[in-house]
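Here are a few exercises to work through with the structure open beside you. Try each task on your own, then follow the solution step by step.

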Amino acid sequence: MKKVVLIGQGYVGLPLAMSAVDAGHDVVGLDLDPARVKRLGIGESYVEDVPAARLQAALDTGRYRPTDEYADAEGFDYCVITVPTPLREGAPDLSCIERAGEAVAPYISPGCTVVLESTTYPGTTEDVLRPILEKGSGLRAPEDFYL
């Protein structure tokens, strides 16, 4: 069983969290909106692709835990960043990606994997996220770390 952290519990992150629970993983559903976390914690889904019954079943397993605390990411095996990247003047606003990277970087350990699953331009992982993760973790990603 692996520990999976999904940053962003919206229309991408929450379904991924449910799939990871279904696969038998321990999942931390991290979202900075305390009201959203509270709703998730009582089994109230706001994502059309995730019925409340499925969310409640995931909660009942004890393998899904919604939170707004990055400290709950400690010891993760996999982290998937699924934060919004709204367009600002025709370009993706990467500030949510940058903040998520800065916040999760201290919890990165050798051998874990971080995936960026947000709508953005090619090169964002290598040019923007990688330096943030390396600086915040003190670790270096292999040169061929991205797919």
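**Exercise 1.** Find the angle at which helix 1 and helix 3 pack, and decide whether helix 1 is parallel, perpendicular or oblique to helix 3.

Step one: locate the two helices in this predicted model; helix 1 covers residues 13–22 and helix 3 covers residues 52–61. Step two: take the geometry. Their axes lie 10 Å apart, and the packing angle is about 50°. Step three: pick the class. An angle under 35 degrees would be roughly parallel, and 65 to 115 would be roughly perpendicular, so helix 1 comes out oblique to helix 3. As for handedness, the crossing of these two helices is left-handed.

**Exercise 2.** List the residues that make the contact between helix 1 and helix 3, and sort them by character.

Start with helix 1: it brings Leu14, Met18, Ser19, Val21 and Asp22. Helix 3 answers with Arg54, Leu55, Ala58 and Thr61. Now sort them: you should get five nonpolar, two polar and two charged residues.

**Exercise 3.** How many salt bridges does the structure hold? Work through the ones that Glu44, Asp72 and Glu134 form.

The total is seven. Take Glu44 to begin with: its side chain meets that of Arg39, N to O, at 2.7 Å. Are these partners buried or exposed? Partly exposed means between 20% and 50% relative accessible area, so Glu44 at 36% counts as partly exposed, and so does Arg39 at 33%.

Next comes Asp72, which pairs with Arg65, with 3.3 Å between the closest N and O atoms. Arg65 has a relative accessible area of 40%, so it is partly exposed too.

Then there's Glu134, bridged to Arg130 with the closest N and O atoms 3.0 Å apart. Both sit in helix 5 (residues 124–137), four residues apart, or about one turn of the helix. Glu134 and Arg130 are both buried. Shared partners also link Arg130, Glu134 and Arg140 into one salt-bridge network.

**Exercise 4.** Where does Leu139 sit, and which residues is it in contact with beyond its neighbours within four places in sequence?

Go to the segment after helix 5, and you'll find Leu139 there. Check its accessibility: the relative accessible area is 28%, so Leu139 is partly exposed. Skipping neighbours within four places in sequence, Leu139 is in contact with Ile108, Ser109, Pro110 and Glu134. Finally, look at Pro106: it is 33 residues from Leu139 along the chain, and their C-alpha atoms are 9.9 Å apart.

Key: Residues numbered from 1 in each chain as written. Predicted model: local features only at pLDDT ≥ 70, side-chain atom pairs only at ≥ 80, totals over all residues. Heavy atoms only, no water. Axes fitted to C-alpha atoms, helices over the stretch in contact; angles between N-to-C directions. Parallel < 35°, antiparallel > 145°, perpendicular 65-115°, else oblique. Left-handed = near helix turned anticlockwise from the far one by under 90°. Contact = heavy atoms within 4.5 Å. Nonpolar A, V, L, I, M, F, W, Y, C, P; charged D, E, K, R; others polar. Salt bridge = Lys/Arg side-chain N within 4 Å of Asp/Glu carboxyl O. Buried < 20%, exposed > 50% of the residue type's maximum accessible area, 1.4 Å probe, protein only.
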